[in-house]
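Visitor: I would like to learn how to read the inside of a model, beginning with its cavities. Could you take me through it step by step?

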Amino acid sequence: MPATATQETVESTIVEAIAKLGPEPEDVTRDATFESLDVDSLDLVEVAQVVEEEFGVVLKGEDMEKLNTVGDAIDLVVARAS
């Protein structure tokens, strides 16, 4: 059963998933761009898989292409989950 997708749970999950890819957790803020974190499209696919497993929200390639910041990803997942 997917976890409840609140702003806090989604942010925590996405920050943790991105930090596992290499960036320091303190650098993974809502305003951080994926480019500044050196997170590429393949890394975002991994983050999307974590989001789907945790919250049951499917993010497609075209969704991921529109994301520039960590906050964009958090807002999209929260919107899709509600």
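Visitor: Which helices each supply at least two residues of the lining of the largest cavity?

Guide: Bear in mind that this is a predicted model. The helices that each supply at least two residues of that lining are H2 and H4, and the largest share, three residues, comes from H2. A search of the whole structure finds one cavity of 30 Å³ or more, with a volume of about 30 Å³.

Visitor: What classes of residue does the lining of the largest cavity have?

Guide: The lining has 10 nonpolar residues, with no polar and no charged ones; including Ile 14, Phe 34, Val 51 and Val 77. Those four residues also belong to the group with the most contacts inside the largest nonpolar core, which has 24 residues, and to this core H1, H2 and H4 each supply at least two residues. Val 51 touches Ile 14 and Val 77, as well as Gly 56, Val 57 and Leu 59, when residues up to four places away in sequence are not counted.

Visitor: Which residues of H1 are buried?

Guide: A general idea helps here: an α-helix has 3.6 residues a turn, so residues three or four places apart point the same way. In H1, which spans residues 7–19, the buried residues are Val 10, Thr 13, Ile 14, Val 15, Ala 17 and Ile 18, and what covers them includes helix H2 and helix H4.

Visitor: Why does Asp 63 count as buried?

Guide: Asp 63, found in helix H3, counts as buried because its relative accessible area is 10%, and buried means under 20%. Leaving aside neighbours within four places in sequence, Asp 63 is in contact with Val 58, Leu 76 and Arg 80.

How values were computed: Residues are numbered from 1 along each chain as its sequence is written. This is a predicted model: local features need pLDDT of at least 70, side-chain atom pairs count only at pLDDT 80 or more; totals for chains, interfaces and linings use all residues. Side-chain values use heavy atoms; hydrogens and water are left out. Helices (H or I, at least four residues) and strands (E, at least two) are DSSP runs, numbered from the N terminus. The expected span of a helix is 1.5 Å times one less than its number of residues. Buried means under 20% relative accessible area, exposed over 50%, partly exposed in between (1.4 Å probe, protein chains only). Contact means heavy atoms within 4.5 Å. A nonpolar core is a set of buried Ala, Val, Leu, Ile, Met, Phe, Trp, Tyr and Cys residues joined through side-chain atoms within 4.5 Å. On a 1 Å grid over the protein atoms alone, a cavity is a set of points where a 1.4 Å probe fits but cannot get out, and a pocket is an open set with protein on both sides within 12 Å along at least five of seven lines; lining residues have an atom within 4 Å of a point. Grid points are joined across faces, edges and corners, and a volume is the space filled by probe spheres set on the points. Ala, Val, Leu, Ile, Met, Phe, Trp, Tyr, Cys and Pro count as nonpolar, Asp, Glu, Lys and Arg as charged, and the others, Gly among them, as polar.
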